[in-house]
Amino acid sequence: METLSVWDTVQRLRPMWMRPGGVRNSGNPAGHYAHVFIDGAPYGPLECMRAFRVSDVEEIRFVSATDATVRYGGQFQGGVILVTTR
């Protein structure tokens, strides 16, 4: 039986979370990608979701770029994907 990663699940069910968003400017015309938080702590870029099995996850939520910069700081202009493990 195949075990899906969090990456696979988000890509299938919420692909828009993985697209660049936030502020676009001449220095970064593509915008910014979301960062991943695991159990409330900053963890890394989107690719780190490949290391987690969806069966070990309680909840996955997205925090918009606006809310993420207010809550966590200006480096999260692409938003934040919050992963809560079991």
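**View 1. Val 6 in helix α1 of a predicted model.** In this predicted model, Val 6 belongs to helix α1, which covers residues 6-13. Is Val 6 buried or exposed? Val 6 is buried, because its relative accessible area is 1%, and buried means under 20%. Look around Val 6 for its contacts beyond the neighbours within four places in sequence: they are Met 49, Phe 52, Arg 53, Val 54, Val 57, Ile 60 and Val 83. You can also find Leu 46 here: 40 residues separate Val 6 and Leu 46 along the chain, while 9.9 Å separates their C-alpha atoms.

**View 2. Ser 5 in the segment before α1.** Now step back along the chain to Ser 5, found in the segment before α1. Ser 5 has a relative accessible area of 10%, so this residue counts as buried. What does the side chain of Ser 5 reach? The answer is the backbone nitrogen of Asp 8, at 3.1 Å. Setting aside neighbours within four places in sequence, Ser 5 is in contact with Met 49, Arg 50, Phe 52, Arg 53 and Val 54.

**View 3. Asp 39 in the loop between β1 and β2.** Our last stop is a loop. Asp 39 sits between strand β1 (35-38) and strand β2 (41-45). Take a look at the backbone here: phi of Asp 39 is near 50°, a positive value in a residue other than glycine. How much of Asp 39 is accessible? Its relative accessible area is 45%, so Asp 39 is described as partly exposed; exposed would mean over 50%.

Conventions
Residues are numbered from 1 along each chain as its sequence is written. This is a predicted model: local features need pLDDT of at least 70, side-chain atom pairs count only at pLDDT 80 or more; totals for chains, interfaces and linings use all residues. Side-chain values use heavy atoms; hydrogens and water are left out. Helices (H or I, at least four residues) and strands (E, at least two) are DSSP runs, numbered from the N terminus. Buried means under 20% relative accessible area, exposed over 50%, partly exposed in between (1.4 Å probe, protein chains only). Contact means heavy atoms within 4.5 Å. A polar contact is a pair of N or O atoms within 3.5 Å; within protein, one must be able to donate a hydrogen and the other to accept it, and residues adjacent in sequence count only if both atoms are side-chain atoms.
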